[in-house]
Amino acid sequence: MRSKRFKWFVVAVTVGAVVALAGLLGAALAGAVGGGPQAGNQSPTAPGVRVRVTGGGHEIDEIRIVTQDAQFITGSTSYVTPPGALITVTVPPKSRRLITADFTAETSCFGGTTTSPNWCLARILVGRPSVLGACLGGVEAYPKADVSPDTLTPFALDSSDNGRQTQQSFEGHAFSRSIVFANALDVTQRLCVIAQVRVTNRLLRFWVDDIHLRAMTAKDGFGLP
Ligand SMILES: [Ca+2]
Ligand SMILES: [Ca+2]
C-alpha cells in the first residue's frame with residue numbers, strides 16, 4: 001500500500017500542474033484580448049531586435065504591377081531607382097490604406113574589397129508622383145532598415161561576399177515592405193511606390209534584372225504608422 005507521504009506528493013504535483021496550465025491559458029487569453037503587442041505599437045523586444053511594428057488591413061482594394069526585363073547596373077553609393085521600378089496607387093478621400101509592396105529581381109553584387117561591408121542595398125519608398133514621372137518626398141516603408149536606430153544594418157538585398165563574387169554570381173532575390181497612409185483630405189490622393197538600390201562602396205557593382213514590383217492597397221489600414 002502506498003504511504004500517506006506518497007499520496008500527498010501526488011496531490012502536490014497534480015495541483016502544481018493545474019496551476020501552471022491555468023497560468024499559461026491566462027497568458028494566452030491576455031494576449032488575445034489585448035494583453036499582447038498592439039497594432040501600431042513600437043516596442044523594444046529581445047536584444048538585436050530594436051523595433052517591432054505590426055499592422056494590417058482588410059480586403060484588398062488595388063493591385064498594381066510593373067515588370068522590367070532590361071538589365072540595370074549601378075555603382076552608385078546613393079540610392080537610385082532602376083528604370084521602371086515605380087508604381088502608383090490611390091487612397092480615397094477620408095480613408096486609410098495599408099500599402100504593401102513586394103520586389104523581386106535577378107541580381108548580382110560583385111567587385112568590392114576584401115573587407116566588409118560589401119553589400120548591395122535596397123529599400124522601398126512611398127511618396128508623391130511628380131508630373132515628370134519622379135517620386136518625390138518618399139518615406140521608407142517598414143521595416144525602415146535604412147533609417148533604423150540599429151545603425152550599420154541597412155538591408156542588404158545581395159552581397160559580394162567581400163569581393164569573392166563575380167558578375168556571373170546571378171541570384172534571385174526578393175523583399176517586401178509595408179506602410180499605412182491616412183488620407184485626411186476630401187479628394188483622392190495618388191502615391192508612388194519605388195524600389196531603390198545602392199552599393200556600400202565605389203568598387204562594387206549592383207546588377208538588377210527582370211524586375212517584378214507589385215504594390216497592393218488594403219482597406220482600413222491600421223498600425224504601421
Ligand atoms: Ca533581362
Ligand atoms: Ca551575392
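A nonpolar core is a set of buried Ala, Val, Leu, Ile, Met, Phe, Trp, Tyr and Cys residues joined through C-beta atoms within 7 Å. Keep that in mind for the views below, which come from a predicted model.

**Figure 1. The largest nonpolar core, with Ile99 among its best-connected members.** This core holds 42 residues, and Ile99, Cys120 and Val193 touch the most other members. Strands β6 (86–91), β7, β8 (119–129), β11 (171–183), β12 (189–199) and β13 each supply at least two of its residues. The biggest giver is β13, with 9 residues. Zoom in on Ile99 and you will find it touching Val89, Val126, Ser178, Ile179, Phe181, Leu191, Val193, Ala215 and Thr217, with residues up to four places away in sequence left out of the count.

**Figure 2. Strand β13 and its antiparallel partners β4, β5 and β7.** Let's follow β13, which spans residues 204–219. Strand β7 (residues 95–111) runs antiparallel to β13 and is joined to it by 14 bridges. Strand β4 (residues 60–68) is also antiparallel to β13, with 8 bridges between them. Strand β5 (residues 72–74) adds another antiparallel pairing with β13, this one through 3 bridges.

**Figure 3. Ala215 of β13, with Arg64 and Ala101 as partners.** Which residue of β13 stands opposite Arg64? It is Ala215. Ala215 is also the bridge partner of Ala101. Elsewhere in β13, Trp207 stands opposite Ile73. In a regular strand, side chains alternate between the two faces of the sheet.

**Figure 4. Leu204, a buried residue of β13.** Is Leu204 buried or exposed? Leu204 counts as buried because 25 C-beta neighbours lie inside 10 Å, and 20 or more is what a buried residue needs. Leaving aside residues up to four places away in sequence, Leu204 touches Gly75, Cys109, Gly111, Gly112, Asn118, Cys120, Ser160 and Val199. Trp119 is 85 residues from Leu204 in sequence, yet their C-alpha atoms are 8.1 Å apart in space.

**Figure 5. Ala174, an exposed residue in strand β11.** Ala174 has 12 C-beta neighbours inside 10 Å and therefore counts as exposed, since exposed residues are those with 12 or fewer. Its contacts, apart from residues up to four places away in sequence, are Asp102, Phe103 and Thr104. Between the C-alpha atoms of Ala174 and Ile211 the separation is 9.7 Å, although their positions lie 37 residues apart along the chain by sequence spacing.

**Figure 6. Asp61, a partly exposed residue in strand β4.** Why does Asp61 count as partly exposed? Asp61 has 19 C-beta neighbours inside 10 Å, and partly exposed residues fall between the cut-offs of 12 or fewer and 20 or more. Once residues up to four places away in sequence are set aside, Asp61 touches Arg97, Thr217, Ala218 and Lys219. The C-alpha atoms of Asp61 and Val91 are separated by 9.4 Å, with the two residues 30 apart along the chain.

**Figure 7. Three loop residues worth a look at the backbone: Lys94, Pro143 and Asp220.** In the loop between β6 and β7, Lys94 has a positive phi, near 50 degrees, without being a glycine. Lys94 counts as exposed because it has 11 C-beta neighbours inside 10 Å. Asp220, in the loop between β13 and β14 (222–223), also has a positive phi, about 55 degrees, and is not a glycine either. With 14 other C-beta atoms within 10 Å, Asp220 is partly exposed. Pro143 sits in the loop between β9 (135–140) and β10 (156–159); a cis peptide bond joins Tyr142 and Pro143, with omega about 0 degrees.

**Figure 8. The whole chain, and where to read it with care.** The protein chain comes to 1 helix and 14 strands. Of its 225 residues, 28% count as buried. Among contacts between residues at least 6 apart in sequence, 80% join residues at least 24 apart. The chain averages a pLDDT of 82, and 76% of the residues score at least 70. Over residues 1–46, however, the pLDDT is below 50, and this stretch has 22 contacts in the model beyond near neighbours in sequence. Where pLDDT is low, the predicted coordinates should not be read in detail.

Notes:
Residues numbered from 1 in each chain as written. Chains lettered and ligands numbered in written order. Pairing = 2+ DSSP bridges. Helix = DSSP H or I, 4+ residues; strand = E, 2+ residues; numbered from the N terminus. Contact = placed C-beta atoms within 7 Å. pLDDT = per-residue confidence, 0-100.
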